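Here are my notes on the model, point by point. Please read them with the structure open.

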Amino acid sequence: AAHNLLRPEAVEAFFYMWRSTNDTKYRDYGWDVFMAIERVARVPMGYSGVLNVNLPGGHDNRQQAYFLSETLKYLLLLFSDDAALDLRQWVLNTEAHPLRVRPP
């Protein structure tokens, strides 16, 4: 489909792949996504889903909560130092909320 609802799943995958491999291509992918969001989803009052990424100006006029709470959080973490969130001490739930891992 040619629409983009600013969902977090791809950026989440880039984050985990970066952390697993330290292969900079995952940060490159994340940067490309961020720049595309800025280019096609930025609107005067925030960000909006895009009805057709091949046609300019077609927005769904919705800034979904998951865009701010998940998509942007994973982008931030993707470009942060690993110490910002130690994955040996924290796990992210399905809403990208960090939960401390209990010791065994």
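1. The largest pocket first. This is a predicted model, and its largest pocket holds about 220 Å³ of space. The elements that each give two or more residues to the lining of this pocket are helix H1, residues 9–21, and helix H2, residues 25–40. H2 gives the most to the lining, with four residues.

2. Which residues lie nearest the centre of the largest pocket? They are Asn4, Leu6, Val33, Ala36 and Ile37. The full lining has 14 residues. By type, ten of the lining residues are nonpolar, three are polar and one is charged.

3. Now the overall layout. The chain has three helices and four strands. From start to end of the sequence, the pattern reads α-α-β-β-α-β-β. The C-alpha trace spans about 50 × 25 × 25 Å along its principal axes.

4. Next, H1 against H2. The two axes come within 8 Å and cross at roughly 155°. Angles over 145 degrees count as roughly antiparallel, so H1 is roughly antiparallel to H2. The crossing of this pair is left-handed.

5. What does each helix bring to the contact of H1 with H2? From H1 come Val11, Phe14, Met17, Trp18 and Thr21. From H2 come Tyr26, Arg27, Tyr29, Gly30 and Val33. Seven of the residues in this contact are nonpolar, two are polar and one is charged. Val33 of H2 meets H1 here, and Val33 is also among the residues nearest the centre of the largest pocket.

6. Then H1 against helix H3, which covers residues 65–79. Their axes lie 9 Å apart, and the packing angle is about 25°. Angles under 35 degrees count as roughly parallel, so H1 and H3 are roughly parallel to each other. H1 passes H3 in a left-handed crossing.

7. The residues behind that H1–H3 packing are as follows. H1 supplies Val11, Glu12, Phe14, Phe15, Tyr16 and Trp18. H3 supplies Thr71, Tyr74, Leu75, Leu77 and Leu78. The split is nine nonpolar, one polar and one charged. Val11, Phe14 and Trp18 of H1 meet H3, and these three residues meet H2 as well.

8. The remaining helix pair is H2 with H3. How far apart are the axes of H2 and H3, and at what angle do they pack? The axes are 10 Å apart and the angle is about 140°. Only angles over 145 degrees count as roughly antiparallel, so H2 is oblique to H3. The crossing of H2 and H3 is left-handed.

9. The contact of H2 with H3 has these members. On the H2 side are Tyr26, Arg27, Gly30, Trp31, Phe34 and Ile37. On the H3 side are Phe67, Thr71, Leu75, Leu78 and Phe79. Eight residues of this contact are nonpolar, two are polar and one is charged.

10. Some residues recur across these contacts. Tyr26, Arg27 and Gly30 of H2 meet H3, and they meet H1 too. Thr71, Leu75 and Leu78 of H3 meet H2, and they also meet H1. Ile37 of H2 takes part in the contact with H3, and Ile37 is among the residues nearest the centre of the largest pocket.

Terms used
Residues numbered from 1 in each chain as written. Predicted model: local features only at pLDDT ≥ 70, side-chain atom pairs only at ≥ 80, totals over all residues. Heavy atoms only, no water. 1 Å grid on protein atoms, 1.4 Å probe; cavity = no way out; pocket = protein on both sides within 12 Å on 5 of 7 lines; lining within 4 Å. Points joined across faces, edges and corners; volume = space filled by probe spheres on them. Nonpolar A, V, L, I, M, F, W, Y, C, P; charged D, E, K, R; others polar. Axes fitted to C-alpha atoms, helices over the stretch in contact; angles between N-to-C directions. Parallel < 35°, antiparallel > 145°, perpendicular 65-115°, else oblique. Left-handed = near helix turned anticlockwise from the far one by under 90°. Contact = heavy atoms within 4.5 Å.
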